[in-house]
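Trainee: Could we go through this model together? I would like to see how each label follows from its definition.

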Amino acid sequence: MSAAPMPRSSPRARGWLGWPLRVADRVRWLWLRALGPLAKPLVRDRELRVAVAGTSMIALALVAAVLVPMWLLALGPIVWGVPHVLGDVRYLWVRPGLHRRWTPWLLVAAPLVGLSVTADPVWGFVAVGGAALAARGAWWKKAPVLAAAAGLLFVAHRHAFWTAVIFAHAHNFVGVALWWVWRRRMGRLHWIPLVAFLGASALLTTGLLDGLVHGAGALAAGPGGMDVYYHLGSLAPDVPGMLAVRLVLLFAFAQSVHYAVWVRLVPEEDRRRETPRTFAATFRALAADFGRPLVALVVLAAVALGVWGALDVFAARTGYLRAVLFHGYFEVAVAALLLVEGGRPRARTADAPA
């Protein structure tokens with residue numbers, strides 16, 4: 001394949017992020033050129049591109065979860081946490097236009113603020129019930145969601161700690177499920193990442209990879225004193241033996257895939273065009289959704305979190321996780337709203353300005 005011409009960044013991209021964006025676009029162009037004939041189908045076929053990207057990231061997450069899980073748990077939130085929450089809010093709140101409706105602000109966003117302040121999971125399920133009430137749909141559709149939210153709210157009230165632990169694991173799978181239903185697909189290539197994700201999860205939980213984990217010394221002390229015993233206390237308390245360790249490894253793996261969903265896969269699924277954007281065009285689309293001042297604040301927050309992590313990885317990770325307690329319940333709440341209103345998430349963003 002002849003080398004494609006290097007795309008030029010728009011003058012708009014020549015501001016405070018212009019140079020990094022141009023470098024990123026140049027590196028990707030060199031990578032595509034190195035792929036030769038393989039680059040053309042990847043660029044033209046979204047289904048193929050998503051399948052390849054998703055499966056590759058799942059494989060990488062599995063290898064990291066087996067070889068360096070403590071580092072994955074420590075650094076993953078610091079590196080990918082802010083971008084993935086931005087993706088959450090962008091594709092589940094802004095692009096579907098929920099931010100233009102007052103009822104989701106009152107019935108979903110307000111309880112999530114309560115969750116952020118109190119760390120009580122009860123508020124998360126209040127938001128799920130509120131999402132059903134805010135949805136535009138028949139009451140016979142709202143009733144099952146409200147009943148489920150009420151039941152989970154009762155359980156969360158009686159067993160707040162265990163609810164938080166179980167939900168921490170479950171929300172990683174919620175992101176994968178949302179990616180799965182995001183848009184109507186013409187082919188079956190999207191099955192490949194899903195099967196890879198479920199297969200890798202099974203390998204970790206059944207213990208088939210225990211020998212590799214022990215052989216690699218993967219359970220040794222992690223950065224900031226966050227060794228496997230630290231994570232056992234928050235992710236698998238009172239779970240016996242190696243099953244507890246496997247749950248920690250599963251969380252490290254699934255959390256990484258969850259980040260990949262919101263940073264890489266959902267943006268591909270939601271885009272109007274089949275071919276990928278340049279990084280400069282991606283930034284312009286992001287600025288169109290949020291406005292440049294807010295994007296600048298998010299970039300500064302991500303950089304500040306990285307600097308904090310370099311100085312004190314334990315404090316940075318803990319501070320980030322405390323600040324984004326809401327986001328897992330936010331995903332479930334919006335999923336409940338979409339369930340009542342019907343249709344795939346992509347249908348809600350088809351007319352979004354960016």
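Mentor: Gladly! Let's start with the patch: helix H4 gives the most to the nonpolar patch, with four residues.

Trainee: What makes it a nonpolar patch, and which residues form it?

Mentor: A patch takes residues with over 30% relative accessible area and no salt bridge (a side-chain nitrogen of Lys or Arg within 4 Å of a carboxyl oxygen of Asp or Glu). Like charges are joined within 9 Å, and nonpolar side chains (Val, Leu, Ile, Met, Phe, Trp, Tyr) within 5 Å. Here the members are Val 63, Leu 67, Val 68, Trp 71, Leu 75, Val 79 and Trp 80, with about 640 Å² of accessible area together, by the Shrake-Rupley method with a 1.4 Å probe, where only the protein chains shown count as cover for residues. Helix H3 (46-67) and helix H4 (69-94) each supply at least two of them; helices are DSSP runs (H or I, at least four residues), numbered from the N terminus.

Trainee: Why is Leu 75 called partly exposed?

Mentor: Buried means under 20% relative accessible area, exposed over 50%, and partly exposed in between (1.4 Å probe, protein chains only). Leu 75, in helix H4, has 34%, so it is partly exposed.

Trainee: And which label does Asp 238 earn, buried or exposed?

Mentor: Its relative accessibility is 75%, so Asp 238 counts as exposed. Asp 238 sits in the loop between H11 and H12 and has a positive phi of about 65 degrees, although it is not a glycine.

Trainee: How do you know that the buried residues of H15 line one face?

Mentor: The buried residues of helix H15 (residues 313-323) are Val 313, Ala 316, Arg 317 and Tyr 320. Down the axis of H15 they fall within an arc of 95 degrees, so they line one face of the helix; the arc is that of the directions from the helix axis to the C-beta atoms. They pack against H4, helix H11 (228-235), helix H12 (241-270) and helix H14 (292-311), a contact being heavy atoms within 4.5 Å.

Trainee: How confident is the predictor?

Mentor: The chain averages a pLDDT (confidence in each residue, from 0 to 100) of 89, and 94% of the residues score at least 70. Over residues 1-13 the pLDDT is below 50. Where pLDDT is low, the predicted coordinates should not be read in detail.

Trainee: What ground rules apply?

Mentor: This is a predicted model: local features need pLDDT of at least 70, side-chain atom pairs count only at pLDDT 80 or more, and totals for chains, interfaces and linings use all residues. Residues are numbered from 1 along each chain as its sequence is written, and side-chain values use heavy atoms, leaving out hydrogens and water.

Key:
Helix = DSSP H or I, 4+ residues; strand = E, 2+ residues; numbered from the N terminus.
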